[in-house]
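Biologist: I am new to this structure. Could we go through it together, one question at a time?

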Amino acid sequence: PVPGRVRLPRRVRAVGPRRATVGMLTGCVQGAFFPQVNAATARVLAMEGCEVVIPPAQGCCGALSLHSGRPEQAGRLAERTVAAFERAGVDTVVVNAAGCGSTMKEYGDLLGPERAGAVRVVDLSEYLAELGPVARRHPLPLTVAYHDACHLAHAQGIRAQPRALLSAVPGLRLVEIAESSICCGSAGTYNLLQPEAARDLGDRKAERVLATGADLLVSANPGCTL
């Protein structure tokens, strides 16, 4: 079941002195299935001193079209996404879905380097690590396993930043998942087009996660979370 829609304001003011102004991608799968993640992303960015701009008509970034071998359709969606953030007056876009971020960082291949350079795309964990913390971290006495989304770890090369952010939470114990570099079975549209192989990967990943004994599993991609 799809959860109730969470309406986000067009602009979320920074808490305390404003350190930056950024755009935020709401995404298709993230917005539909995990709207609370988008709301939390805006809250965290605001707590870290960012004014967050959320264009209401940003649409799909084109990632799923690209995964499905439809580059022309992906290009049209990419252009619309870039234009939405240009109209919003931001040059940095923070993305909390690894699949979206991976494709958006490759807009140069779809739109050409000049057009792709209109906005800078950064993953949420990448941006927060770069920005540095100012918000207070409250204790969270949990054992947490972190799953490396393929589109984050392999495509974007982002592995250390999410772990560093989690490790900075007081009382949180971070544990590693065996075979962390192996896909969970989601892989964009792979779980829809190759369900049997995806299920085998998913079962294998689930066994490795359960073996950690963690209280909580953290992922940086809605497809993986699903």
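The questions below take up salt bridges, one helix, single residues and empty space.

Biologist: What kind of model is this, and how many salt bridges does a search of the whole structure find?
Modeller: The model is predicted. Side chains of opposite charge can pair when their charged atoms come close. A search of the whole structure for such salt bridges finds 13.

Biologist: Which residue forms a salt bridge with Glu 51?
Modeller: The closest N and O atoms of the pair are 2.6 Å apart, within the 4 Å cut-off. Glu 51 lies in strand E3 and its partner in strand E1, so the pair ties together parts that are 40 residues apart in sequence. The partner of Glu 51 is Arg 11.

Biologist: Are Glu 51 and Arg 11 buried or exposed?
Modeller: Buried means under 20% relative accessible area. Glu 51 has 5% relative accessibility, so Glu 51 counts as buried. Arg 11 has 36%, so Arg 11 counts as partly exposed.

Biologist: Which residues are linked with Arg 11 and Glu 51 in a network of salt bridges?
Modeller: Arg 11 and Glu 51 form a salt bridge. Both also belong to a network of salt bridges. The other members of the network are Arg 13 and Arg 18.

Biologist: Which residue meets Glu 48 in a salt bridge?
Modeller: The pair has an N to O distance of 2.5 Å. Glu 48 lies in the loop between H2 and E3 and its partner in the loop between H8 and E6, so the pair ties together parts that are 89 residues apart in sequence. Glu 48 counts as buried because its relative accessibility is 3%. The partner of Glu 48 is Arg 137.

Biologist: In which helices do Glu 86 and Arg 115 lie?
Modeller: Their side chains meet in a salt bridge, at 2.6 Å from N to O. The pair links distant parts of the chain, 29 residues apart. Glu 86 is in helix H4, and Arg 115 is in helix H7.

Biologist: What span should helix H4 have?
Modeller: H4 runs over residues 71-88, which makes 18 residues. The expected span uses 1.5 Å a residue. The end C-alpha atoms of H4 are 26 Å apart, and this agrees with the expected 26 Å.

Biologist: Which elements do the buried residues of H4 pack against?
Modeller: The buried residues of H4 include Ala 74, Leu 77, Val 82 and Phe 85. The buried residues pack against strands E2 and E4 and against helices H3, H5, H6 and H7.

Biologist: Which residue just after H4 takes a positive phi?
Modeller: H4 covers residues 71-88. Just after H4, a phi of about 80° appears. The residue is Gly 89.

Biologist: Is Thr 103 buried or exposed?
Modeller: Thr 103 sits in helix H5. Not counting residues up to four places away in sequence, Thr 103 touches Gly 62, Ala 63, Leu 66 and His 67. Its relative accessibility is 3%, so Thr 103 counts as buried.

Biologist: Which side chain of opposite charge is nearest to Lys 205?
Modeller: Lys 205 is in helix H12. Lys 205 is buried yet has no salt bridge. The nearest side chain of opposite charge is 7.0 Å away, against a salt-bridge cut-off of 4 Å. That side chain belongs to Glu 179.

Biologist: Which element gives the most to the lining of the largest pocket?
Modeller: About 1,500 Å³ of space lies in the largest pocket. Of the 48 residues that line the largest pocket, the closest to its centre are Val 37, Leu 124, Leu 166, Val 218 and Ser 219. Elements that give two or more residues to the lining include H8, H10, H12 and strand E8. The element that gives the most, with 6 residues, is H2.

Biologist: How much space lies in the largest cavity?
Modeller: The structure holds 2 cavities of 30 Å³ or more. Among the residues that line the largest cavity are His 147, Cys 150, Cys 183 and Cys 224. The space in the largest cavity is about 60 Å³.

Note on methods: Residues are numbered from 1 along each chain as its sequence is written. This is a predicted model: local features need pLDDT of at least 70, side-chain atom pairs count only at pLDDT 80 or more; totals for chains, interfaces and linings use all residues. Side-chain values use heavy atoms; hydrogens and water are left out. Helices (H or I, at least four residues) and strands (E, at least two) are DSSP runs, numbered from the N terminus. Buried means under 20% relative accessible area, exposed over 50%, partly exposed in between (1.4 Å probe, protein chains only). Lys and Arg count as positive and Asp and Glu as negative; His and the chain ends are not counted. The expected span of a helix is 1.5 Å times one less than its number of residues. Contact means heavy atoms within 4.5 Å. On a 1 Å grid over the protein atoms alone, a cavity is a set of points where a 1.4 Å probe fits but cannot get out, and a pocket is an open set with protein on both sides within 12 Å along at least five of seven lines; lining residues have an atom within 4 Å of a point. Grid points are joined across faces, edges and corners, and a volume is the space filled by probe spheres set on the points.
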